[in-house]
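This report addresses the confidence of a model, the arrangement of a sheet and the surroundings of one side chain. Please consult the sequence and coordinates shown below.

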Amino acid sequence: MKSLIKLKYIAFLLITVIAISCSRADEDDDVLSQEDISNIILNVKDDATGITTTYNYTVNSTHNPEIKLTDGTTYTVNAVFLNGNEDETQSIKEAKDEHFLLFDFQNSNINLERIDDESSTNSDGIKIGLKTKWTVVKAKNGVNPQLVLTLIHDPVSVSVGEPGREFGSVIGGETDAMATYSISN
């Protein structure tokens, strides 16, 4: 009987140790979970006029901000990630080897160039996409044009190429944040 009680006690301790060792607290501090990002802001500057318009997507909102773009116009776009009032963009830059942005323009014909500086270019020379240049061929190129912007954490590999309408692709990794913006003229 005593050996059965000892066995149960040892099994309980073993399960407890395993549960504690597998907790999320052991993850790197630079991992941004989706719940740490409350807003994704795009600052869109018309290169011809110099006027910047801010589009603020609130995570889990039912409203998608509408980005107004003019055909034939070029824009410089800066992405900012917030957790409440705290700017998480610097955290992304500090872990630039572990982050990458995907730009999926749906029913829009927009050319995108990544123009990140050294602060948001990873050690392989790949620009993660916090600063981009958009050249609008046709903002509305079908029904319900939109941009789905996805921040990927810890991808195994990345490519900045354009596989179809999406700028960038990844293998592996997890989604840290995702935002959908409507596009109009």
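Over which residues does pLDDT stay under 50?

## Model and confidence

This is a predicted model, in which local features need pLDDT of at least 70 and side-chain atom pairs count only at pLDDT 80 or more, while totals for chains, interfaces and linings use all residues. Residues are numbered from 1 along each chain as its sequence is written, and side-chain values use heavy atoms, without hydrogens and water.

The pLDDT (the predictor's confidence in each residue, from 0 to 100) averages 85 for the protein, and 79% of the residues score at least 70. It is residues 11–34 over which pLDDT stays under 50. For this segment the model has 22 contacts (heavy atoms within 4.5 Å) beyond four places in sequence. Where pLDDT is low, the predicted coordinates should not be read in detail.

## The sheet

Five strands (DSSP runs of E, at least two residues, numbered from the N terminus) form an open sheet with mixed pairing and the order 3-13-9-6-11. Strand 3 (66–68) and strand 11 (166–167) stand at the edges; each has a single partner strand, so one side of each lacks a neighbour in the sheet.

Strands 6 and 11 run antiparallel and are joined by 2 bridges; two strands pair if DSSP finds at least two bridges between them. Phe103 has Phe167, in strand 11, as its bridge partner.

## His99

His99 lies in strand 6 (residues 99–106). His99 counts as buried (under 20% relative accessible area, 1.4 Å probe, protein chains only) because its relative accessibility is 2%.

The His99 side chain makes a polar contact with the side chain of Asp176 at 3.2 Å; such a contact is a pair of N or O atoms within 3.5 Å, where, within protein, one must be able to donate a hydrogen and the other to accept it, and residues adjacent in sequence count only if both atoms are side-chain atoms. The side chain of His99 also reaches the backbone oxygen of Ala95, at 2.9 Å.

Technical notes
Helices (H or I, at least four residues) and strands (E, at least two) are DSSP runs, numbered from the N terminus. Buried means under 20% relative accessible area, exposed over 50%, partly exposed in between (1.4 Å probe, protein chains only).
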